[in-house]
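Student: Hi! I've just opened this one and could use a friendly walk through it. Where shall we start?

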Amino acid sequence: MSLHLYNTLSRRKELFTPVDPARVTMYVCGPTVYNYVHIGNARPVVVFDVLYRLLSRDYAKVIYARNITDVDDKINAAAKAGDVPITAITEKFATVYRDEMATLNALPPTIEPHATQHIPQMISMIQRLLDGKHAYEAEGHVLFHVPSFAGYGQLSGRARDDMIAGARVEVAPYKKDPADFVLWKPSTPDLPGWDSPWGRGRPGWHIECSSMIEAHLGPTIDIHGGGHDLIFPHHENELAQGTCAHGGAPYARYWMHNGFLTMNKEKMSKSIGNIVTVRELLRHHPGEAIRWALLSAHYRQPLDWSDDTIVQANRTLSRLYGALEQAGDAPATLSEPPAAVLEALRDDLNTPRAMAEISNIAGALNQATGAAKAELKAQLIAAGSLLGVLQQPPKAWFEAAAGRKTIDADEVERLIAARAAARKARDFAGADRIRDEIAALGVVIEDRADGTKWRAAE
RNA sequence: GGCCGAGUGGCAGAGUGGCCAUGCAGCGGAUUGCAAAUCCGCGUACGUCGGUUCGAUUCCGGCCUCGGCCUCCA
C-alpha cells in the first residue's frame with residue numbers, strides 16, 4: 001500500500017506518509033454559497049471524494065473537512081438584490097450544495113465548518129499574527145505583511161517582483177507593501193459584521209480557511225486540496241498566514257490541485273457566463289453519469305465538457321450495469337477491489353486507468369460462468385465502490401433511466417405479453433409489428449433466456 | 001511581460017524508448033426467427049521541424065497552436 005500523490009509544492013509525485021497514521025487530515029476548499037454551483041465546481045468534490053475513499057481504506061481515521069464560506073461580498077450582494085436576509089441566501093444554497101453533491105455520490109465530509117461559526121478563532125489567529133509582527137492595522141483593516149514571510153511565493157512559484165509587475169489592481173494606499181492582503185476589514189452598518197479589537201468588521205477570505213483548519217484539524221495538516229485557480233493567491237496566502245501563526249510549523253504537507261473544466265476549450269466560469277449548473281444537468285442525467293464523466297480524465301488534466309461527454313459516460317455505465325445485471329443470480333461474494341484498480345488509483349488518482357481496468361473486468365464478467373462469475377461480479381462492485389459508482393442494483397439504474405423518460409410501464413408490459421403470444425404462435429410478422437409499437441414508446445427490448453427485458457432507449 | 005499546463009485515431013482519454021490502453025461511435029463476423037444485449041475482429045493515432053538512438057508518440061532543442069494564473073473564481 002503505497003500511495004503517491006502529486007504535490008504542487010514540490011512539483012512532483014511523492015510517496016504519501018501522514019504525520020499521524022492514526023489520524024489523517026485533509027481539507028478541501030468548499031463553495032461560497034450564493035448561487036447554484038456549476039459542473040466545474042463539482043470536479044474537486046468528486047476528485048477528493050475518491051481520495052477520501054482511498055485513504056479511508058488504508059487508514060482507520062481520516063478527517064476530511066470541506067468548508068462552507070457563508071460570509072462574502074457576493075453573498076451580501078445577492079441578499080441585497082433579493083431583498084432577503086443574508087442567511088436566507090447562505091442556508092438555501094448550502095443545503096442545495098449538500099444535496100447535489102450527495103447526488104453525485106460524494107460522501108459527506110467528516111466536518112463541514114461554516115466561516116461564520118469561527119469568527120472568534122479568526123480573531124485569535126489575526127491577533128497572533130499582529131503579535132508576531134506579521135500583520136499590522138491600518139484604517140480599520142488588518143493586513144498580512146507579506147515581506148515578513150520569507151517563504152512567500154513558493155507554492156505558486158512566483159517571484160515577488162513578478163507579482164508587483166503583473167498587479168492589475170490599484171494598490172490600496174494604506175498597504176505597506178503592494179502584496180499585503182486583508183485579514184480583517186471594516187463593515188458598514190448595513191453589512192454583516194462582528195465586534196473585534198479593531199472595530200466592527202468581517203474577515204478576509206483567506207483567514208477563514210486557515211482558522212477552520214487550525215480549529216478542526218490542527219497546525220499541520222496532511223492534504224490540502226482545491227481547484228487550480230486557488231493556488232494563487234488563496235493558497236499562497238493561507239500558507240503564509242498559517243505558517244506564521246504557528247511559529248513556522250509546516251501548514252500543509254501535500255498540496256493538491258485539480259485542473260479545470262472547460263467549455264469549448266475555455267475555462268467554465270461564472271464571470272464568463274459559459275456555465276452549466278449541476279442542477280440543470282441533474283434534470284436530464286443521473287448523478288452517477290456526471291460523476292463518471294468528471295472522473296474520466298485525470299484530475300490534473302483539463303477536461304472539456306460537452307453534451308457528448310455525459311452521453312458517453314451514461315452509455316458506458318449502462319454497459320457496466322448490464323454486465324452486473326446479467327450476472328444477477330450470481331451471489332455477490334465480498335471482494336477486495338482488484339489490485340490493478342487499486343494500483344491505478346494509488347498512482348496519483350489515475351481514474352482513467354482504473355476505469356479501463358473496470359471495463360476489462362466487465363468484459364470478463366460477461367463471459368464468465370459459475371464461481372468466476374460471482375467473483376468477477378464482486379470485484380466489479382468493489383472496484384466501483386472506490387470510484388463511488390456501480391453501487392445501486394442494476395435494475396434501479398435502468399429503471400431510473402426509464403423514469404426520466406416518462407414511460408408507461410404497464411403499457412409496455414402489455415405489449416411485451418402480446419408479442420410473446422405472437423412469437424409463441426410463430427407469428428413473427430405480428431411480433432415485429434408489436435416491437436415497432438414498443439420502440440415508438442421509446443423502449444428497447446431484449447429477449448433473454450429468462451424472458452423479455454425492457455429498458456428506455458436513448 | 002512573468003509563471004504554469006496542454007496538443008494522441010471520428011469523439012473522450014490513459015500510457016509507453018521497440019509489443020493490447022480503455023470507453024463511445026462506425027464497419028465486418030458469431031449468436032438470434034428478426035432484433036437487442038453480448039462476444040470476436042477491423043481502422044497507416046500520437047501538433048511541427050530538427051537532434052540523440054539500432055529504433056521516438058515517448059528523451060533533448062527550436063517552432064506553431066491552445067488554455068490557466070498574475071490579488072472575484074473549483
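**A parallel sheet and its neighbours**

Tutor: Let's start with a pair of strands: strand E3 (residues 24-28) and E4 are joined by 5 bridges and pair in the parallel sense. Keep in mind that this is a predicted model.

Student: Okay, which residue in E4 is the bridge partner of Val24?

Tutor: Val24 has Val62 as its bridge partner in E4.

Student: And what is the order of the strands in that open sheet of 4?

Tutor: The order is E4-E3-E9-E10, and the pairing is parallel. Strand E4 (62-66) and strand E10 (252-258) are at the edges with a single partner strand each, so one side of each has no neighbour in the sheet. From one strand to the next, the twist averages 20°.

Student: How many of the residues of E4 are buried?

Tutor: 5 of the 5 residues of E4 are buried, so the strand is largely enclosed by the rest of the structure.

Student: Which way do they point?

Tutor: Val62, Tyr64 and Arg66 point one way from E4, while Ile63 and Ala65 point the other way; all are buried.

Student: Which strands does helix H7 lie across?

Tutor: Helix H7 (residues 231-245) lies across strand E9 (221-227) and E10, and runs at about 160° to E9.

Student: Let's jump to the start of the chain. How do the side chains along strand E1 sit?

Tutor: They alternate along strand E1 (residues 4-7): Leu5 and Asn7 point to one face and are buried, whereas His4 and Tyr6 point to the other face and are not. In general, side chains in a regular strand alternate between the two faces of the sheet.

Student: Does E1 run parallel or antiparallel to strand E2?

Tutor: Antiparallel: 4 bridges join E1 to strand E2 (residues 12-15). Asn7, for instance, has Arg12 as its bridge partner in E2.

Student: What about the hairpin of E1 and E2, how many residues are between the strands?

Tutor: There are 4 residues between the strands, and Arg11 takes a positive phi near 60° in this hairpin.

Student: New topic! What order do the strands have in the open sheet of 3?

Tutor: That order is E12-E11-E13, with mixed pairing. The edge strands, strand E12 (266-267) and strand E13 (303-305), each pair on one side only. Helix H9 (residues 287-295) packs on the sheet and touches E11 and E13, with its direction at about 140° to that of E13.

Student: How do E11 and E12 connect?

Tutor: Strand E11 (residues 261-263) and E12 run antiparallel, joined by 2 bridges. Met263 stands opposite Glu266 in E12.

Student: Now Ser211: buried or exposed?

Tutor: Ser211 is buried, with a relative accessible area of 0%. This residue is found in helix H6 (residues 205-216). Not counting residues up to four places away in sequence, Ser211 touches Gln121, Met122 and Met125.

Student: Last thing: what volume does the second largest pocket have?

Tutor: Its volume is about 1,000 Å³. The second largest pocket is lined by 38 residues, with Trp397, Phe398, Glu399, Ala401 and Arg455 lying nearest its centre.

Student: Which helix gives the most to that lining?

Tutor: H10 gives the most to the lining of the second largest pocket, with 8 residues. Among the other elements that each supply at least two residues are helix H14 (394-403) and strand E15 (451-456).

Student: And how do the residues of the lining divide?

Tutor: The lining of the second largest pocket has 14 nonpolar, 10 polar and 14 charged residues.

How values were computed
Residues numbered from 1 in each chain as written. Chains lettered and ligands numbered in written order. Predicted model: local features only at pLDDT ≥ 70, side-chain atom pairs only at ≥ 80, totals over all residues. Heavy atoms only, no water. Pairing = 2+ DSSP bridges. Contact = heavy atoms within 4.5 Å. Axes fitted to C-alpha atoms, helices over the stretch in contact; angles between N-to-C directions. Buried < 20%, exposed > 50% of the residue type's maximum accessible area, 1.4 Å probe, protein only. 1 Å grid on protein atoms, 1.4 Å probe; cavity = no way out; pocket = protein on both sides within 12 Å on 5 of 7 lines; lining within 4 Å. Points joined across faces, edges and corners; volume = space filled by probe spheres on them. Nonpolar A, V, L, I, M, F, W, Y, C, P; charged D, E, K, R; others polar.
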